[in-house]
Amino acid sequence: YEGQWSEGLRNGSLKTTYPDGRVEQANYYKDQKDGQSALISKDGLVVLSKYQSGLKVKNSDKQISEAQF
């Protein structure tokens, strides 16, 4: 993880790089995803999602190319 921490918890904007090459940029509040999240695949596909208190908002996924991001 790269990003902001508060009292040992993820808090603010964080970037996570996974072993398979995907990169996720997400906002956290008290160690839970909260707000916008972008998951970028190695081939440039971006999946935008919204989270509220750690739960994905239903039907919030939107796929775009990395160039549109």
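The charged side chains of this predicted model comprise 10 positive and 9 negative groups in the protein chain. The centres of these two sets lie 5 Å apart. The surface of the protein chain can be described alongside these charges: its accessible area comes to about 4900 Å², and carbon and sulfur atoms contribute 46% of that area.

The secondary structure is built from strands. The protein chain contains seven strands and zero helices, so that, read from the N terminus, the order of elements is β-β-β-β-β-β-β. Contacts across long stretches of sequence form a small share of the total: among contacts in the protein chain with a separation of 6 or more, 3% join residues 24 or more positions apart.

The overall dimensions follow. Along the principal axes, the C-alpha atoms of the protein chain occupy a box of roughly 35 × 25 × 20 Å. A compact globule of 69 residues would be expected to have a radius of gyration near 11 Å, and the value of 12 Å for the protein chain agrees with this expectation.

The interior is considered last. Of the 69 residues in the protein chain, 29% are buried, that is, they have under 20% relative accessible area. The largest nonpolar core consists of five residues, namely Ala-38, Ile-40, Val-46, Leu-48 and Ile-64. Two elements each give two or more residues to this core: strand 4, which spans 32-40, and strand 5, which spans 45-52.

How values were computed. Residues are numbered from 1 along each chain as its sequence is written. This is a predicted model: local features need pLDDT of at least 70, side-chain atom pairs count only at pLDDT 80 or more; totals for chains, interfaces and linings use all residues. Side-chain values use heavy atoms; hydrogens and water are left out. A nonpolar core is a set of buried Ala, Val, Leu, Ile, Met, Phe, Trp, Tyr and Cys residues joined through side-chain atoms within 4.5 Å. Buried means under 20% relative accessible area, exposed over 50%, partly exposed in between (1.4 Å probe, protein chains only). Helices (H or I, at least four residues) and strands (E, at least two) are DSSP runs, numbered from the N terminus. The radius of gyration is taken over C-alpha atoms; the globule rule is 2.2 Å times the number of residues to the power 0.38. Contact means heavy atoms within 4.5 Å. Accessible areas come from the Shrake-Rupley method with a 1.4 Å probe; for residues, only the protein chains shown count as cover. Lys and Arg count as positive and Asp and Glu as negative; His and the chain ends are not counted. The place of a charge is taken as NZ of Lys, CZ of Arg, CG of Asp or CD of Glu.
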